[in-house]
Structures are given as structure tokens and as C-alpha cells.
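Work through these short exercises with the structure open beside you. Try each task before you read its solution.

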Amino acid sequence: MRKILAIETSCDETACAIVNEKLEIETSVVTSQIDVHARFGGVIPEVASRMHVEQISTIINEALKGHDMSEISAVAYTVGPGLIGSLHVGAAAAKTLAFFYDKPLIGVHHLKGHIFVNELIEPLEYPLLALVVSGGHTELVYLKDDTHFEILGTTHDDAIGEAYDKVARIIGLAYPGGPKIDKLSKEGKPVYKLPIPKVDGYNFSFSGLKNACLQLADRIKRNGEELNEADLACSFQEVALHHLLDKTMKVLEDYDVRHVLIAGGVAANSRLRELMSEHITKCKLTLPPLKYCTDNAVMIAVAAFKELDQNHFVGYDEASKPSMAIDK
Ligand code: KG4
Ligand code: ZN
């Protein structure tokens with residue numbers, strides 16, 4: 001049976017997994033650097049790559065416990081997009097393993113990982129619409145089948161997760177702020193008036209909304225009034241998530257779609273999951289379990305099987321790509 005060993009180091013998680021061709025997870029190891037970055041209020045790229053260097057050998061050895069490289073058919077890694085220094089560490093490790101053990105090497109697009117990991121939950125049906133929402137991405141990706149990707153919409157400025165993290169900082173919540181805003185919102189009401197982003201087509205914008213939160217908080221403090229943090233969290237979240245929902249529904253009106261899925265760190269958001277379940281009733285909807293929303297190497301292995309089936313391999317000279325379109 002074919003097995004892929006995959007490595008993910010695109011941001012602040014160091015991960016390694018072995019997945020077989022039946023899409024059974026034989027092993028999956030993830031370490032997060034969140035505690036360290038939390039001290040700085042966000043991911044510091046230089047710190048992230050140094051921590052990957054410190055962790056990578058341990059993580060690979062742990063993933064290989066009870067396994068042998070002779071079982072492995074190919075080595076896969078995240079080739080992009082992501083932080084360049086972080087990507088380099090995973091690439092160097094994967095290339096070394098592939099070279100030493102004479103295995104084919106597969107470079108995986110990070111967002112394809114976020115999308116295809118959903119095959120572990122249920123079969124994907126096409127045409128499929130993926131709403132990819134994370135700290136670095138806000139994209140509506142249309143898949144005619146599992147090899148054709150079209151980006152229908154993307155953000156003009158901040159990614160949704162970035163906006164969550166920045167608004168959390170305004171409220172005084174530590175990084176990563178997304179899960180904390182999610183929780184705090186449940187105690188609040190959407191009473192603060194915030195601007196609804198107006199953007200062309202299926203695109204998004206979050207910086208105006210984020211700035212409006214900052215100005216509102218400043219004004220309240222200047223006037224000596226008390227900011228209701230739960231209400232601000234809830235007001236921000238309602239506008240931000242309805243913006244995601246509106247654009248998703250607009251695509252569903254205009255395109256033939258049989259299956260919708262959400263992917264990426266923000267897909268863990270409980271209110272987003274609720275809104276999607278309420279509104280997307282005419283086609284299949286997949287909401288991945290939380291462990292597959294945030295970065296992991298299982299998703300890279302699952303996406304790598306698609307590349308393996310198409311004989312898409314890379315050479316040792318393949319450059320890591322900090323920005324990399326999914327539809328090229
Ligand atoms: O996909 P991910 O783990 O890393 C990137 O590739 O960016 O996503 C991390 C982002 C962070 O901005 C974090 O605040 C956000 O996902 N996030 C959430 C929630 N859980 C994580 N945002 C809103 N609600 C959540 N429950
Ligand atoms: Zn990610």
C-alpha cells in the first residue's frame with residue numbers, strides 16, 4: 001500500500017504525518033509555537049523559522065516511530081504559500097529525506113491541503129466551492145473537479161483571521177485572538193454600529209471594519225465611557241461573518257455548485273459554522289472538525305496523493321514560494 005510522509009512548516013506549526021492511500025492516518029504529529037508568539041502579539045517570522053529548525057528533526061523522528069522509510073512511497077512538503085523562512089525549513093528536511101532514501105518529492109500548495117483534508121470526512125462532490133479562511137487567506141475557490149481551481153474572490157486587504165487577531169488586540173485579548181473573540185461574542189450583543197464592507201464581485205475587505213473598531217474603542221475611551229468588550233467582539237464578528245456569508249451566497253446564486261466546504265483556521269469559528277449550516281441548505285456542506293481546520297501535515301499528505309496520482313513531482317532545486325496562486 002502506498003504511503004506518503006508529509007511535512008508542514010508554512011507558518012507557526014511544525015508538523016509531520018504519514019497517511020496511506022486509503023486516507024488512513026498512520027501517524028500525525030503537530031507542535032505549535034503559539035505560546036512563544038503570543039508574547040509578541042503575533043507571529044514573528046524570524047522566531048518561527050528558528051523554532052522550526054529546533055523542532056523539525058524531533059517531529060519527523062516521532063512521526064516515524066514504528067515505521068520505516070522503506071514503507072514510504074513519496075515525501076511531500078508545503079512548497080507555498082507561507083512565511084519564506086518557515087517554508088525553507090520544511091523544504092530542506094523533505095529534500096534531505098527524499099535524497100537520502102531515494103524517494104520521489106512532492107511540493108504541495110498549502111491551501112490545497114486545507115481543501116482536500118475534507119476528503120477524510122466525506123467524499124467531495126464537484127463542482128465544489130471552498131471558502132478558505134485563515135490568518136493569511138480569505139478566498140472563494142471554485143473547483144470544477146479536483147484538478148481545476150479558480151479563485152473567484154479574495155481579500156483586497158487584511159485576511160479574515162488577521163482582522164480577528166487585530167480586533168482582539170484592540171479589546172486586549174492575547175494572540176491568537178480569533179478563538180477568544182468567538183468565545184467572548186457569545187456574551188455580547190451586536191449593538192455597536194460598524195460599517196458593512198462594500199467590495200466588488202466576490203471579493204472581501206476587512207481593514208475598514210478593523211479601523212472602525214479601533215476608532216470606536218478610542219472614542220469611547222476618550223469620552224470616559226466604558227467599552228463593552230463582549231458587545232464589540234460580537235458586533236465585529238457579526239459584520240465580518242455576514243460579509244463572508246453574503247459573498248458565498250452570491251457565488252451560489254451565480255454558479256453551479258454541488259458541495260460547499262469551509263477550510264482554514266477561521267473555519268473553527270462556531271458562529272461561522274452556525275451561519276453556514278443555517279443558510280447553505282440546497283447543496284452538500286462540510287464543516288471540518290477543529291483539528292483539521294488549523295495547520296497540520298495530514299492535510300499536506302492527502303493533497304499530495306492527488307499530485308502523486310498525476311505524477312506531479314518536484315526536483316531538489318524547487319524554490320519555496322511565499323506567495324503562490326492556487327489556480328496557476
Ligand atoms: O489556518 P491557520 O491555523 O493558520 C494560517 O494558515 O493562517 O489559521 C490561524 C487563524 C488565526 O488568525 C486565528 O485567530 C484564527 O485562524 N482562528 C479563529 C478561530 N480559531 C482560529 N478565528 C475565529 N474564530 C475561531 N474560533
Ligand atoms: Zn493554514
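**Exercise 1.** Is Asp102 buried or exposed?

*Solution.* Keep in mind that this is a predicted model. Start with the place: Asp102 sits in the loop between H3 and E5. Next, take the relative accessible area, which is 67% for Asp102. The cut-off for exposed is over 50%. Asp102 is therefore exposed. Now check the backbone. Asp102 is not a glycine, yet its phi is positive, near 55°. Most residues other than glycine have a negative phi.

**Exercise 2.** Find Asn311 and state whether it is buried or exposed.

*Solution.* Look in the segment after H11. The relative accessibility of Asn311 is 57%, so Asn311 counts as exposed. Its phi is positive too, about 55°, although Asn311 is not a glycine.

**Exercise 3.** Test the length of helix H3 (residues 84-101) against the span expected at 1.5 Å a residue.

*Solution.* First, count: H3 has 18 residues. The expected span is 26 Å. The end C-alpha atoms are 26 Å apart, so the two values agree. Then look at the buried residues of H3, among them Leu87, Val89, Ala94 and Leu97. What do the buried residues of H3 pack against? Their partners are strand E1 (3-8), helix H2 (45-63), strand E4 (74-80) and strand E5 (105-109).

**Exercise 4.** How many residues of H11 are buried?

*Solution.* H11 covers residues 298-309, which is 12 residues. Of these 12, 11 are buried, and the helix is mostly covered. The buried ones include Val298, Ile300, Phe305, Lys306 and Leu308. For length, H11 reaches 17 Å from first C-alpha to last, close to the expected 16 Å.

**Exercise 5.** Describe how H6 (residues 177-185) and H8 (residues 229-254) pack.

*Solution.* Take the angle: about 110°. Angles of 65 to 115 degrees count as roughly perpendicular. H6 and H8 are therefore roughly perpendicular to each other. Their axes are 8 Å apart. On the H6 side, Ile181, Asp182, Leu184 and Ser185 make the contact; their partners in H8 include Ala233 and Phe236. By class, the contact has 6 nonpolar, 2 polar and 2 charged residues.

**Exercise 6.** Which peptide bond leading to Pro81 is cis, and where is Pro81 found?

*Solution.* The bond runs from Gly80 to Pro81, with omega near -15°. Pro81 lies in the loop between E4 and H3. Another cis bond joins Tyr126 and Pro127, with omega about 0°. Pro127 is in the loop between helix H4 (110-116) and strand E6 (128-133).

How values were computed. Residues numbered from 1 in each chain as written. Chains lettered and ligands numbered in written order. Predicted model: local features only at pLDDT ≥ 70, side-chain atom pairs only at ≥ 80, totals over all residues. Heavy atoms only, no water. Axes fitted to C-alpha atoms, helices over the stretch in contact; angles between N-to-C directions. Helix = DSSP H or I, 4+ residues; strand = E, 2+ residues; numbered from the N terminus. Parallel < 35°, antiparallel > 145°, perpendicular 65-115°, else oblique. Contact = heavy atoms within 4.5 Å. Nonpolar A, V, L, I, M, F, W, Y, C, P; charged D, E, K, R; others polar. Expected span 1.5 Å × (residues − 1). Buried < 20%, exposed > 50% of the residue type's maximum accessible area, 1.4 Å probe, protein only.
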